[in-house]
Amino acid sequence: MPQDNNTLRIILPGRLIDGVGETAQEGMAIAVQRNAIKWVGPASEAESLESKGAQREILNFPSGTLLAGLFDIHTHTNMPGDGRTGEQVNLDDSDEVRLLRSARNTAMAVASGVTTMCDCGSWNRNGFALKEGLAEGVVEGPRVLVSGPPLTVTGGHLWYMGGEADGVDAVRKQVRNLVKQGADFIKVAASGGSTSTSDPYRAAYAAGELTAIVEEAHNRNRSVLAHCRCTDAINAALDAGVDAILHCAFYDNDGSYRFDQKTADRLAASEVWLNPTMGLGNANRVRLANLKSERKLTPDEEERLERSTVSGENSLAQFSALVKAGVKLVGGSDCGWSYYPFGDFQGEIMSLNAAGLSPIEAIYAGTRSPAAALGNLDSIGTIEAGKEADLLVVNGDPSQDLECLRDVAAVLKGGNRVPTAKERASLV
């Protein structure tokens with residue numbers, strides 16, 4: 001939606017959640033010019049702002065809340081969110097089809113209010129091509145930070161994406177190669193996962209390899225996000241000094257769940273960010289529950305619903321305890337995976353609230369905290385003068401009811417108005 005970015009746009013919301021204060025503020029306004037936030041202050045002073053000859057435009061949302069655009073730290077843009085595994089997508093689709101899917105997914109994301117997101121693993125050069133397409137304006141979407149193929153041991157989780165590397169020298173070279181191609185951060189599979197040739201209940205990399213990955217990334221000013229599906233991998237990631245732990249599940253080597261107090265204490269004492277990805281499990285359970293209300297589930301579906309229910313209860317109890325201990329949670333949906341399509345990062349934010357974050361804290365976990373974790377807080381993540389005008393307006397007050405985050409009234413990326421999902425649907 002091309003616009004004259006020199007226009008001084010004054011936004012008058014009912015409430016402002018700026019990412020700095022701890023409450024929603026009334027009687028506030030902001031001014032946007034070109035791609036940046038020019039001014040934030042009392043609505044009573046907005047009329048007297050100097051436009052220096054530029055046109056003025058008033059955007060009035062008296063029943064809405066203005067907040068920073070959402071930032072999803074964990075997505076997979078190549079993935080369809082239709083239940084297919086990564087291995088199935090590897091066999092079924094070409095890189096060209098996967099890249100086209102990424103273009104569709106990014107458009108869905110920005111229409112839902114996500115103005116920045118991380119692609120935490122895509123095939124070969126797809127993530128880099130997506131970023132190039134976004135920069136040239138041939139693809140619509142949020143700001144997308146990409147890792148490229150995740151580093152993984154031979155046969156490890158996501159090996160089919162093209163990031164296998166074993167040994168200290170090889171992982172150092174792979175990190176350097178990813179940075180050369182344009183990686184904004186480094187993703188490492190520190191344990192196995194759903195990939196059939198991997199073991200989710202054991203650490204994948206040796207200590208020296210994982211430390212080398214972090215050293216190389218940090219030496220190039222890149223954050224490291226570590227996929228950890230077991231307690232051993234969590235501790236290995238902490239030892240190596242990663243910046244964020246994805247999933248962060250407390251499973252022992254035999255596959256049994258056990259809350260590990262020593263590891264919990266380490267996490268609480270650290271500065272590492274934790275991404276629970278509980279919204280993914282919730283989406284799967286809701287789907288199966290809806291199916292069960294319509295028809296009898298198959299034995300496989302019944303088993304998956306039972307297993308997911310137990311793991312969901314364990315995860316909620318674990319992160320509730322970790323929140324009380326003082327860990328830092330950050331929002332990442334893992335959308336594209338399993339049955340979690342793009343367009344509802346809000347579900348992950350709500351899961352953080354269920355784990356014990358207040359509504360404002362959960363909102364910040366989906367705006368300010370990801371920017372801090374990736375080193376972008378100087379330009380995005382909060383509503384402050386001089387920062388990028390990546391903004392979201394929702395109807396209602398999400399500081400009282402997070403469901404309001406799904407009722408999107410307006411999205412701005414870099415000062416430009418982006419059609420919302422509702423607006424797009426009305427054109428069909």
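## Cores, helices and a few residues to find

The largest nonpolar core here has 77 residues, and those with the most contacts inside it are L151, I186, Y205, I213, I245, L267 and L274. A second, separate core has 17 residues, including I11, I30, I383 and V393. Keep in mind that you're looking at a predicted model.

**Exercise 1.** Pick Y205 and work out which residues it is in contact with, leaving aside neighbours within four places in sequence.

*Solution.* Start with L151, T152 and V153, which are among the contacts of Y205. Next come A165 and V171, then V188, A189 and A190. Finish with L210 and I213. Now look back at the core: L151, I213 and Y205 itself are among the residues with the most contacts inside it. As background, nonpolar side chains tend to be buried together in soluble globular proteins.

**Exercise 2.** Find how helices α4 and α5 are oriented to each other.

*Solution.* Step one: locate α4 at residues 168-181 and read off its angle to α5, about 25°, with the axes 9 Å apart. Step two: angles under 35 degrees count as roughly parallel, so α4 and α5 are roughly parallel to each other. Step three: check the hand of the crossing, which is right-handed. Step four: see who touches whom. From α4 you get V168, V171, R172, V175 and R176, and from α5 you get G208, E209, A212, I213, E215, E216 and A217. Sorted by class, that contact has 6 nonpolar, 1 polar and 5 charged residues.

**Exercise 3.** Do the job again for α5 and α6: what is their orientation to each other?

*Solution.* Helix α5 covers residues 207-219 and α6 covers 231-240; their axes come within 9 Å and cross at roughly 45°. The two helices are therefore oblique to each other. This crossing is right-handed. On the α5 side, L210, T211 and V214 meet A236, A237 and A240 of α6. By class, you'll find 5 nonpolar, 1 polar and no charged residues in this contact.

**Exercise 4.** Is T7 buried or exposed? And how does R266 count?

*Solution.* Take T7 first, in the segment before β1. Its relative accessible area is 4%, and buried means under 20%, so T7 is buried. Beyond its sequence neighbours within four places, T7 is in contact with V32, Q33, Q55, R56 and E57. Then go to R266 in helix α7. At 30% relative accessibility, R266 counts as partly exposed. With the same neighbours left aside, R266 is in contact with N235, L238 and D239.

How values were computed:
Residues numbered from 1 in each chain as written. Predicted model: local features only at pLDDT ≥ 70, side-chain atom pairs only at ≥ 80, totals over all residues. Heavy atoms only, no water. Axes fitted to C-alpha atoms, helices over the stretch in contact; angles between N-to-C directions. Helix = DSSP H or I, 4+ residues; strand = E, 2+ residues; numbered from the N terminus. Parallel < 35°, antiparallel > 145°, perpendicular 65-115°, else oblique. Left-handed = near helix turned anticlockwise from the far one by under 90°. Contact = heavy atoms within 4.5 Å. Nonpolar A, V, L, I, M, F, W, Y, C, P; charged D, E, K, R; others polar. Buried < 20%, exposed > 50% of the residue type's maximum accessible area, 1.4 Å probe, protein only. Core = buried A, V, L, I, M, F, W, Y, C linked by side-chain atoms within 4.5 Å.
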